[in-house]
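This report introduces a structure to a reader who has not met it before. Please look over the sequence and the model first; the description then follows.

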Amino acid sequence: DTAIGDAIAQASGNDCINLCGKSTLAEAIDLLSCAALIVSNDSGLMHVAAALDKPLTAIYGSSSPAFTPPLSARAQIVRLDLACSPCFKRECPLGHFNCMRQLTPQEIWRRIEFDPKSSI
């Protein structure tokens with residue numbers, strides 16, 4: 001994931017730091033515990049963020065929150081509900097991966113429900 005993390009950091013104008021492959025699990029958990037808001041795909045660290053009870057925006061594409069939801073009242077789920085999803089495949093069997101490609105950063109940002117004072 002390092003290359004994708006580098007691309008994200010660059011796209012942010014280097015406002016974010018890519019720690020892919022540069023931190024241990026314990027360090028990642030420590031960092032999540034300090035976060036004011038977490039945006040994550042359906043992953044192990046998403047579940048850690050939920051367990052830490054952090055404001056969380058969980059992104060689902062080819063997976064389903066019906067099977068692996070974040071267990072936190074402070075989590076919100078963002079997905080497109082396309083007819084072809086969830087397919088649970090890492091590679092799109094239809095070749096378009098629209099469940100993630102059409103879920104743009106602007107759309108994620110629009111859906112984020114965050115009050116910075118709530119985490120202080």
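Arg-110 and Glu-107 join their side chains in a salt bridge, with N and O 2.7 Å apart. The model in which this pair is found is a predicted one. Both residues belong to helix H5, which spans residues 105-111, and they stand three residues apart, about one turn of the helix. In general, side chains of opposite charge can pair when their charged atoms come close.

Glu-107 also forms a salt bridge with Arg-111, where the closest N and O atoms are 2.6 Å apart. Glu-107 and Arg-111 are four residues apart in helix H5, so about one helical turn separates them. Glu-107, Arg-110 and Arg-111 are thus linked in a network of salt bridges. The members of this network have the following accessibilities: Glu-107 is buried, at a relative accessible area of 17%; Arg-110 is exposed, at 58%; and Arg-111 is partly exposed, at 24%. The value for Glu-107 counts as buried because it lies under 20%, while Arg-110 counts as exposed because its value is over 50%.

How many salt bridges does the count come to? The count comes to three. Besides the pairs already described, Asp-81 forms a salt bridge with Arg-79. Here Asp-81 is exposed, with a relative accessible area of 53%, and Arg-79 is partly exposed, with 32%. The table lists the salt bridges with their distances.

| Acidic residue | Basic residue | Closest N to O distance |
|---|---|---|
| Asp-81 | Arg-79 | 3.1 Å |
| Glu-107 | Arg-110 | 2.7 Å |
| Glu-107 | Arg-111 | 2.6 Å |

The next topic is aromatic contacts. A search of the whole structure finds one aromatic pair. Phe-67 and Phe-88 form this pair in an edge-to-face arrangement, with 5.4 Å from centre to centre and 80° between the planes. Phe-67 lies in the loop between S2 and strand S3 (75-78), and Phe-88 in the loop between S3 and helix H4 (98-101), so the pair ties together parts that are 21 residues apart in sequence. The arrangement is called edge-to-face because the angle between the planes is over 60 degrees. Phe-67 counts as exposed at 62% relative accessibility, whereas Phe-88 is partly exposed, with a relative accessible area of 46%.

Helix H3 shows how burial can be arranged around a helix. This helix covers residues 44-51, and Met-46, Ala-49 and Ala-50 are buried in it. Viewed down the axis of H3, the buried residues fall within an arc of 100°, so they line one face of the helix. Which elements cover these buried residues? The cover includes H2, strand S1 (38-41) and strand S2 (56-59). On the face turned away from the buried side, H3 carries the exposed residues Gly-44 and Ala-51. Just after H3, Asp-53 takes a positive phi of about 60°.

The last feature is on the surface. Ile-17, Leu-19 and Leu-31 form a nonpolar patch there, and together they have about 310 Å² of accessible area. Leu-19 is placed in the loop between helix H1 (2-11) and helix H2 (25-34). With a relative accessible area of 37%, Leu-19 is partly exposed.

How values were computed. Residues are numbered from 1 along each chain as its sequence is written. This is a predicted model: local features need pLDDT of at least 70, side-chain atom pairs count only at pLDDT 80 or more; totals for chains, interfaces and linings use all residues. Side-chain values use heavy atoms; hydrogens and water are left out. Patches are made of residues with over 30% relative accessible area and no salt bridge: like charges are joined within 9 Å, nonpolar side chains (Val, Leu, Ile, Met, Phe, Trp, Tyr) within 5 Å. Accessible areas come from the Shrake-Rupley method with a 1.4 Å probe; for residues, only the protein chains shown count as cover. A salt bridge is a side-chain nitrogen of Lys or Arg within 4 Å of a carboxyl oxygen of Asp or Glu. Helices (H or I, at least four residues) and strands (E, at least two) are DSSP runs, numbered from the N terminus. Buried means under 20% relative accessible area, exposed over 50%, partly exposed in between (1.4 Å probe, protein chains only). The arc is that of the directions from the helix axis to the C-beta atoms. Contact means heavy atoms within 4.5 Å. Rings of Phe, Tyr and Trp (its six-membered ring) pair if their centres lie within 6.5 Å; planes under 30 degrees apart count as stacked, over 60 as edge-to-face and the rest as tilted.
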